[in-house]
Amino acid sequence: MNAHAASSEETIQWTPVCDKQALTADTGVCALIKGRQIALFYSGKLDEVFAVDNFDPIGKANVLSRGIIGSQGERICVASPLYKQHFDLKTGECLEEPEHRLTAYAVKIDNGKVYVAV
Amino acid sequence: MSKQRVIVVGNGMVGHKFIDNVINSDSADKYEILTFSEEPRLAYDRVKLSSYFSGSTVDDLMLTSEEHYQSAGVVYTLNDKVVDLDHDNKTVKLASGKVERYDKLVLATGSYPFVPPIPGKDQPHCLVYRTIEDLEAITASAQESKVGVVVGGGLLGLEAANALKNLGLETHVVEFAPRLMAVQLDEGGGNLLRRKVEALDVNVHTEKNTKNITAGEKHRYRMEFADGSYLETDMILFSAGIRPQDELARNCGIDVGERGGIIIDNYCRTSIEDIYAIGECALWDSKIFGLVAPGYQMAKVALSHIDGGPEEFTGADMSTKLKLLGVDVASVGDAHARTPGAQTYTYEDGVNEVYKRLIVSEDRKKLLGAVLVGDVEAYGTLQQMCVNSMDLPGSPEQLILPQSDGSASAAMGVDALPDTAQLCSCLDVTKGDIVNAVQGGCCNMGDIKSTTGASTGCGGCAALVKSVMDKELANLGVEVNNHICEHFEYSRAELADIIRVKKIESFDELLDSHGKGLGCDICKPAVGSILASYWNDYVLEEKHMGLQDTNDIYLGNMQKDGTYSIVPRVAGGEITPDKLIVLGEVAKEFNLYTKITGGQRIDLFGAQLHELPVIWKKLVDAGFETGHAYGKSVRTVKSCVGSTWCRYGVQDSVGMAIAIENRYKGLRSPHKLKFAVSGCTRECAEAQSKDIGVIATENGWNLYVCGNGGMRPRHADLFATDLDDETLVKYIDRVLMFYIRTADRLQRTSVWLENLEGGLDYLREVVIDDKLNIAQELENEMTSNIGKYQCEWKTTIENPEKLKRFRHFINSEETDANLAYVVEREQRRPANEQERKDQIPAMEITTN
């Protein structure tokens, strides 16, 4: 589990989203969690799931789950499918325009199920 | 010490250059500058005047601004003219009555258009071509005219003809001499230029001496010629040369030449002390210089002399290179072979319409001049050889002959140039300046331009400047890195070789063996494209899915709001009424914005993810297949209707377009590919602007390659002529596969060809002569690719697993609530931010 954005363990409320098997390696999907659109990405190489906002603050559309994921140096990123800026999947920070930042959410896999903390 | 008062009379290009030089010099604060212009605005670029008719605004043409002059302390007066000059008391008097004192006076009064003394020349629609006001008058007159005549077939005359054409007039050029551009071109060059100009629907009349302009019968005026013939027209534009504007000097006792022009010495001094003349009004060694570069040189010399410097004006190279009506023309040095004993070499290629002539010294050691029409690539080399009096190679003809080994031309190595060689004559930049700039850290043309100013004038020297820069970069050992991204230390072409030779079938396999990290949005789609080009698997197969770019991954073109557009294939642009009705019905059912594309198909906008499979099911059932509008792949083959219906068609262009489109549909490539087929030489399908263009001839097909529209349009090159169907397809197979094998990522065929060493000739050798012995391999690769074609949408809608991805949420059936639309011209489009705010709560569009 990677609890990058979570505060402390007790306050975390985990929402079950889907089976991990439903995720295709190195692609994203969008989940609706407590009224929020959240993009989930599964890196096959790292065997890790990441969650950030689906809304692209630069392109102003709900599209980030449809971007390509990869690495920029040490950082794991998604590239916006609209205008190709990179967002750090762990911190939500935009590499090219750091004034834009997504919320990054904690994710855990339990018993083959994906949970996101919102 | 008080400032010296310098008055510059005239604020044209050269007058402004002088002022600009003062402002930028170290001794700027020694001078107080005043300038007067009779025009209503400060200096603008007269060289680019014709661009006013192709969309440039007055602002685009301006060389400076009132703010700039104000901040530099330059005092300027517009709409006022210096009418008198008292050199004893050192004052000038203006038309407005004002009198100003000077310490130094610089006459930059320029020239005026020469209008031959023909009776009837002063009528309202008889105009000239020199100032922005003239252009405005021409535009106004053109609105009341159908036919326009330019008097004068020189450089400016042809530019003016282009302007009339752009204004939609039937255009004629009337020239007194027996050929066009008689000053710069010899007979052969002039004849070819004429053929090319006439092919552009400009009527050329040479050896015509206009005697009288009277009222016409069919048109406004009738021009009567000395040989008894006549021509009727609605407007006349005189562009028969320029005359120095020397009236002020002449009236005030300054020496002028017999045929006009203010006489100056090597320091640009006139016959009266403290008065200088520069630019087109000045006469040096009995010569007037009607180009901007010598004028700039004089501006530099005059300032140097005022400032106590040593510079001298010693004449100027009058070589020119320009594009007139789309035709490349260049003239170097003694183009007419007037030097005693001059020898010439002539190369003429009637097929490709190229004419080149070299004029060399009697001993064949030095180049005296050259004429180039249709292909001016050698201009930079030849001009430098001429100006620097460099030794010619043993066989000078090699300089203008096409090279059999494929190299572009026997370009002289830039190493041979002395450091003092002036590469950019507009801005006076030498080879040494470029070398210094590179050593100072410049490593691309943008840097070079902003640092040295080279190539920012006419741009004619760009190729030469770039080769000097490249050479110097190489000398410094600067490595030009062509790695595709941080994850692979290879270029795209190298990755393509690795994938092909090692038969690599997935991105992970390639990353493990040849890369590092996780990959990124640069290398993943590039590798995805190469894999598809060679193995042509289904792009949404699980192992390839994460590689697909924005559009490919959902097989549609993502629009700004995250919805998609849908473009079914309409091969050759041929569609039955029934299929048209299906498209209309689908668009209506899903409320899709509908537009005809440039590639003769129909684009349906605004489909949400979950709607895509439903829509495509209907389309596939009706016999449509994917148009690959989303892919870096073959898009469309545009066609005209051809011989089946058209009175002029000589081949079945629609049939050929459909055959080609079906052959190459779905072919993934480094960038998108657009084709066209025209049924006759009228070229209604615009094939010469395509990557692959096919034009019917009486005997078969002419094949054009590597053209494109878009950001930087490029005309396709004629690759082969009169091909039969089978050979045509064979050549296209080979060209495309060779491009896929060797191009860079996102490199259109046009740029690919420009960067291909050896250029078009080399491509012909590979494709036609099979120089590399790979033709069969290329064809086999194409055959294999074609054999694996599948309609990606048909495959997708038949696969329930794949369909799961086509919904907005993985855990909900809801759709994206953020979409908002407004209706415009009876169709919807995404609401802009203001409209969104105005329509809270967002209007929900329900479509099913």
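Select chain B first: among its contacts between residues at least 6 apart in sequence, 61% join residues at least 24 apart. Bear in mind, as you turn the view, that this is a predicted model. If you colour chain B by secondary structure, you can look for its 26 helices and 38 strands. Colouring by burial instead gives another view of the chain, in which buried residues make up 45% of the 848 residues.

Next, stay in chain B and select helix α11, which spans residues 445–452. Which residues of this helix are buried? They are B:Ile448, B:Lys449 and B:Thr452, and it helps to show their side chains before going on. These three cover an arc of only 100 degrees around the axis, which means that they lie on the same side of α11(B). Now rotate the helix until you look at the face turned away from that buried side, where you will find the exposed residues B:Gly446 and B:Ser450.

With the helix still selected, add the elements that cover its buried residues, which include β27 (429–430), α10 (431–439) and α12 (462–475) of chain B. Then step just past the end of α11(B) and select B:Gly453, whose phi is positive, at about 85 degrees.

Now move to chain A, which has 0 helices and 11 strands. Following the chain from its N terminus, you therefore pass one β element after another, as strands are the elements listed along the whole run. Buried residues make up 46% of the 118 residues in chain A. Among contacts in this chain between residues at least 6 apart in sequence, 47% join residues at least 24 apart.

For the last stop, show both chains together and select the residues where they touch: the contact takes 25 residues from chain A and 24 residues from chain B. On the side of chain A that touches chain B, the elements that give two or more residues are β1 (14–19), β2 (27–33), β6 (61–62), β7 (68–72) and β8 (75–79) of chain A. Which element gives the largest share of this side? It is β2(A), with 5 residues, and you may want to give this strand a colour of its own. If you then colour the side of chain A that touches chain B by residue class, you can pick out 14 nonpolar, 7 polar and 4 charged residues.

Technical notes: Residues are numbered from 1 along each chain as its sequence is written. Chains are lettered from A and ligands numbered from 1 in the order in which they are written. This is a predicted model: local features need pLDDT of at least 70, side-chain atom pairs count only at pLDDT 80 or more; totals for chains, interfaces and linings use all residues. Helices (H or I, at least four residues) and strands (E, at least two) are DSSP runs, numbered from the N terminus. A residue is buried if 20 or more other C-beta atoms lie within 10 Å of its own, exposed if 12 or fewer, and partly exposed in between; C-beta atoms are placed from the backbone. Two residues are in contact if their C-beta atoms, placed from the backbone, lie within 7 Å. Ala, Val, Leu, Ile, Met, Phe, Trp, Tyr, Cys and Pro count as nonpolar, Asp, Glu, Lys and Arg as charged, and the others, Gly among them, as polar. The arc is that of the directions from the helix axis to the C-beta atoms.
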